[in-house]
Amino acid sequence: MLFSFFGHGVKNSTSVVAMFKFKKIPLTVLTFALFSHAALADGVAKPVMAAELPNPLTLEFVLAQTSTAALPLHLQAAKLAYAQAQIEQQAVNTNTVIDAQGRLGRRDFAFENQPHNLLALHVGKVLYDFNQNQFAIEAAQQSALAEQTRLTMVEHQYRLTLMQRFFNVLLADFQYRIDNEEMAVAFIGFDKAKEYHALSKLSDVDLLAEQNRYEQILVKRSQSANAQLQSRLQLANALNLPTARPDELSFPDLKAYANRDVKDLNLDKLHAEALSQNAQLQALTQHVAAQQLALQSSQRLGKPTVRGDAWAGQLSSYPETREGAWQVGITVDVPLYDGGARTAAVALSQAQLQQAQANVQLYSQQLRDDITQVYFNIQLLAAEKNQNTVFGDYADLYLDYSRAVYENESSTDLGDAMVRLSQANFNDVAWQFKQALLWAQLDYLLGKSMPVNQN
């Protein structure tokens, strides 16, 4: 197999290339392939096997790491916990309070300096506040519900990122192989040019032109080698394993996306489904509901408050003649002037509500654009696949032609033909990954969950 002839630091060639149909390569071609392996091995990135990751690494394993490795999910879970804590904090304002109260003191009573001590159990509760606190609690509950909805959205986004980075590693490996083959061909051409130049059959200008072409391709191959390691670092970093170096990657089974029919898509229905099911839009809508409740709560600031309190114990140093052993009372607090606190709170809530409503409208507009963009990209997939198929057929025939000419000992560009065949394979793989990502992105926009197992 062509790919296995060219050395590189990644061992995943077997699993990746097994899906392709390869042309037989003559033994004479193997000569420069082996030469390439020896000459180019020094610059190849060699990822270090990480104990934390299985080898080979599969897409199913990567997508299953949302519970332990996902920093975005941890951040969103913290936001959810904060929102839930705000519910409890708000409920405290009207919950029953039980506390022990004590005092050691003295006071003047009937022109006499007397002890004024207290040791009692106190029970208190706000009985009525015109539902000011209840609306605040419901607003906090809606905010928590919005954060819970965002948690689902963040998880889907994270899986899309992992899928993209997993594909990037595989594509980087493919691209390196192509550039490696192209560089081997360029090196042989440059080596022949040097021989002809030594025999005075080639001018200095032509020799430098050949060397310039070789150096350009060498730089391109070095960039591809760097991309191999860089893409692995990005995948490991997304998995929150910054010191890990994924080694082999299994080619994913993408039948779940390959079997979908673009004819089932209707743009108007997609828009309607997205506007009703998109998780981010639902979260923004829930945030609007939270702000409406917060506004109602702020509008009730400054209303009278009724609370009940009871004490039991030693209420004074003279329980037999004064306060006694228990006391119960209902208190009505009627604010007369709050310094503008209510007006400011209402204005703030109204502004936050307007902002939340604008966010819903803005995201709805963006969502329609995103759905439209993904829809037309999916529509183009069929044409792109046909284009890749034609290029693959051309690369196959061109390799057969070049091989026949080579075996007749005529001058040929067999190396270029091999590079084109590799490029055809790359185009096919890149198309499959693009197809899977587009369908996965459409699922995300429509609020559908991404299956961990892609089968």
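# Notebook: a predicted helical chain

**Entry 1, helix 10 and Gln 286.** I began with Gln 286, which I found in helix 10, the run of residues 279-299. I am working from a predicted model, and I keep that in mind for everything below. I asked whether Gln 286 is buried or exposed. Its relative accessibility is 16%, under the 20% limit, so Gln 286 counts as buried. I then looked for its partners beyond four places in sequence, and I noted contacts with Gln 142, Leu 145, Ala 146 and Thr 149. With Thr 149 there is also a side-chain to side-chain polar contact, at 2.9 Å.

**Entry 2, Arg 150.** I moved on to Arg 150, which has its place in helix 6. At 16% relative accessibility, Arg 150 also falls under the 20% limit and therefore counts as buried. Setting aside residues up to four places away in sequence, I listed what Arg 150 touches, and the list holds Gln 76, Gln 280, Ala 283 and Leu 284. I wrote down Gln 76 in particular, since I meet it again as one of the buried residues of helix 5.

**Entry 3, helix 5.** I checked the geometry of helix 5, residues 71-91, and found that its 21 residues reach 31 Å from the first C-alpha to the last, close to the 30 Å expected at 1.5 Å a residue. Which residues of helix 5 are buried? I noted Leu 73, Gln 76, Leu 80, Ala 83, Ile 87 and Ala 91. They cover an arc of only 90° around the axis, which means that they sit on the same side of helix 5. I recalled the general reason for such spacing: an α-helix has 3.6 residues a turn, so residues three or four places apart point the same way. On the face turned away from the buried side I found the exposed residues Leu 75, Tyr 82, Glu 88 and Gln 89. I then asked what the buried residues of helix 5 pack against, and the partner proved to be helix 6, residues 132-198.

**Entry 4, the chain as a whole.** I stepped back to the totals and counted twelve helices and six strands in the chain. Of its 455 residues, 41% count as buried. The accessible surface comes to about 24,400 Å², and carbon and sulfur atoms account for 54% of that area. Looking at contacts between residues at least 6 apart in sequence, I saw that 83% of them join residues at least 24 apart.

**Entry 5, the nonpolar cores.** I looked up the largest nonpolar core, which has 66 residues, and the members with the most contacts inside it are Met 163, Phe 166, Phe 167, Ile 371 and Leu 442. Elements that give two or more residues to this core include helix 4 (59-63), helix 5, helix 7 (204-238), helix 9 (267-277), helix 11 (341-407) and helix 12 (414-445). Which helix gives the largest share of this core? I found that helix 6 does, with 14 residues. I followed Ile 371 outward, leaving aside neighbours within four places in sequence, and recorded contacts with Leu 267, Leu 270, His 271, Ala 274, Leu 442, Leu 445 and Leu 446. A second, separate core has eight residues, among them Tyr 398, Leu 414, Ala 417 and Met 418.

**Entry 6, strand 3 and the loop before it.** I turned to Pro 115 in strand 3, residues 112-115. With a relative accessibility of 26%, Pro 115 counts as partly exposed. Pro 115 and Ser 317 are 202 residues apart in sequence, yet their C-alpha atoms are 6.2 Å apart in space. Beyond its neighbours within four places in sequence, Pro 115 is in contact with Gly 105, Arg 106, Ser 317 and Tyr 318. In the loop between strand 2 (106-109) and strand 3 I looked at Ala 110, whose phi is positive, near 55°, although the residue is not glycine. Phe 111 is found in the loop between strand 2 and strand 3 as well, and its phi is positive too, at about 60°. Ala 110 counts as exposed at 59% relative accessibility, and Phe 111 counts as exposed at 84%.

**Entry 7, a cis bond.** Last, I checked the peptide bond that joins Asn 55 and Pro 56, which is cis, with omega about 5°. Pro 56 lies in the loop between helix 3 (27-40) and helix 4.

Technical notes: Residues are numbered from 1 along each chain as its sequence is written. This is a predicted model: local features need pLDDT of at least 70, side-chain atom pairs count only at pLDDT 80 or more; totals for chains, interfaces and linings use all residues. Side-chain values use heavy atoms; hydrogens and water are left out. Helices (H or I, at least four residues) and strands (E, at least two) are DSSP runs, numbered from the N terminus. The expected span of a helix is 1.5 Å times one less than its number of residues. Buried means under 20% relative accessible area, exposed over 50%, partly exposed in between (1.4 Å probe, protein chains only). The arc is that of the directions from the helix axis to the C-beta atoms. Contact means heavy atoms within 4.5 Å. A polar contact is a pair of N or O atoms within 3.5 Å; within protein, one must be able to donate a hydrogen and the other to accept it, and residues adjacent in sequence count only if both atoms are side-chain atoms. Accessible areas come from the Shrake-Rupley method with a 1.4 Å probe; for residues, only the protein chains shown count as cover. A nonpolar core is a set of buried Ala, Val, Leu, Ile, Met, Phe, Trp, Tyr and Cys residues joined through side-chain atoms within 4.5 Å.
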